[in-house]
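I opened this entry to look up two things: which charged side chains meet, and how the strands are arranged. I wrote down each item as I found it.

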Amino acid sequence: MAIAFHKLVPVSLKNRKRLKAFIFSLFSKEGRELTEMNIIFCSDDYLLEINKQHLKHDFYTDIITFDLSKTKNGAISAELYISIDRVKENALALKGNFTYEVHRVIFHGALHLCGYGDKSKKDILVMRAKEDEYLSLYLDLI
C-alpha cells in the first residue's frame with residue numbers, strides 16, 4: 001500500500017505523512033481499500049492535454065482522477081492529476097487559501113474513487129458535503 005506525490009511543478013505540501021495516513025482512513029471510512037495512489041501535481045497546460053487526450057474535453061480543470069483498478073469492487077489503484085494553477089485560481093476566487101483548496105481537491109479525487117459523482121446537482125451537493133466532512137476532520141488534525 002503506497003501513496004506517492006510527484007511534483008511536475010513546484011508545490012509545497014506539508015505533513016505528507018499525516019496526509020497519506022488520512023487518505024487511507026478516508027477510504028476505510030468509505031468501506032473501500034486503497035492499495036496505490038499517485039498524486040501528480042502539474043500545470044494547467046499539462047492537465048489540459050490529458051483532458052483533451054483522454055476525456056475529449058477542451059477546458060481547464062483542477063483534477064482528473066484515473067481509476068486504474070482491475071475490478072470495480074476490489075482494491076483501488078489510482079492516479080490523481082492536479083493542476084496547481086487551477087488550485088491557486090480557485091483559492092483566490094473563493095477567497096480561501098491554497099492549503100485548504102489543495103486538500104479539498106485531493107479529497108474530491110479520493111471521493112470519486114469511492115464512488116461519488118458530481119454530474120448532477122444532487123451529486124454535487126453530496127460530494128461537497130463529503131469534501132467538507134473530510135476537510136473538517138483533517139484540518140482538526142493539523
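The notes below take the salt bridges and then the strands of this model, which is predicted.

**Entry 1: salt bridges**

I searched the whole structure and got nine salt bridges. I looked up three of them one by one.

I started with glutamate 49 and lysine 52, whose side chains form a salt bridge with an N to O distance of 3.7 Å. Both residues belong to helix H2, which covers residues 44-55. They are three residues apart, about one turn of the helix. I then checked how covered they are. Glutamate 49 has a relative accessible area of 45%, so I noted this residue as partly exposed. Lysine 52 is also partly exposed, because its relative accessibility is 33% and the range for that class lies between 20% and 50%.

I turned next to arginine 104 and glutamate 131, which meet in a salt bridge at 3.2 Å, N to O. This pair links distant parts of the chain, with the two positions 27 residues apart in numbering. Arginine 104 is in helix H4 (residues 98-113), and glutamate 131 is in helix H5 (residues 121-141). I found both arginine 104 and glutamate 131 buried.

My third pair was lysine 130 and glutamate 133, with 3.5 Å between the closest N and O atoms. Both are in helix H5, three residues apart, about one turn of the helix. Is lysine 130 buried or partly exposed? Its relative accessibility is 18%, and buried means under 20%, so lysine 130 counts as buried. Glutamate 133, at 36%, is partly exposed.

I also noted a network: Asp62, Glu101, Arg104, Arg128 and Glu131 are joined by salt bridges that share partners.

**Entry 2: strands**

How many of the nine residues of strand E2 are buried? I noted seven, so the strand, residues 34-42, is mostly covered under the cut-off of 20% relative accessible area.

I then looked up what E2 pairs with. Strand E1 (residues 2-7) pairs with E2 in the parallel sense, over six bridges. In this pairing histidine 6 is opposite isoleucine 40 of E2. Between E1 and E2 the chain passes through helix H1 (residues 16-29), and I recorded this β-α-β crossover as left-handed.

E2 also runs parallel to strand E4 (residues 76-83), and eight bridges join the two. Here I noted one bridge, in which methionine 37 has alanine 78 in E4 as its partner.

Notes. Residues are numbered from 1 along each chain as its sequence is written. This is a predicted model: local features need pLDDT of at least 70, side-chain atom pairs count only at pLDDT 80 or more; totals for chains, interfaces and linings use all residues. Side-chain values use heavy atoms; hydrogens and water are left out. A salt bridge is a side-chain nitrogen of Lys or Arg within 4 Å of a carboxyl oxygen of Asp or Glu. Helices (H or I, at least four residues) and strands (E, at least two) are DSSP runs, numbered from the N terminus. Buried means under 20% relative accessible area, exposed over 50%, partly exposed in between (1.4 Å probe, protein chains only). Two strands pair if DSSP finds at least two bridges between them. A crossover is right-handed if, with the strands pointing away from the viewer, the path from the first strand over the helix to the second runs clockwise.
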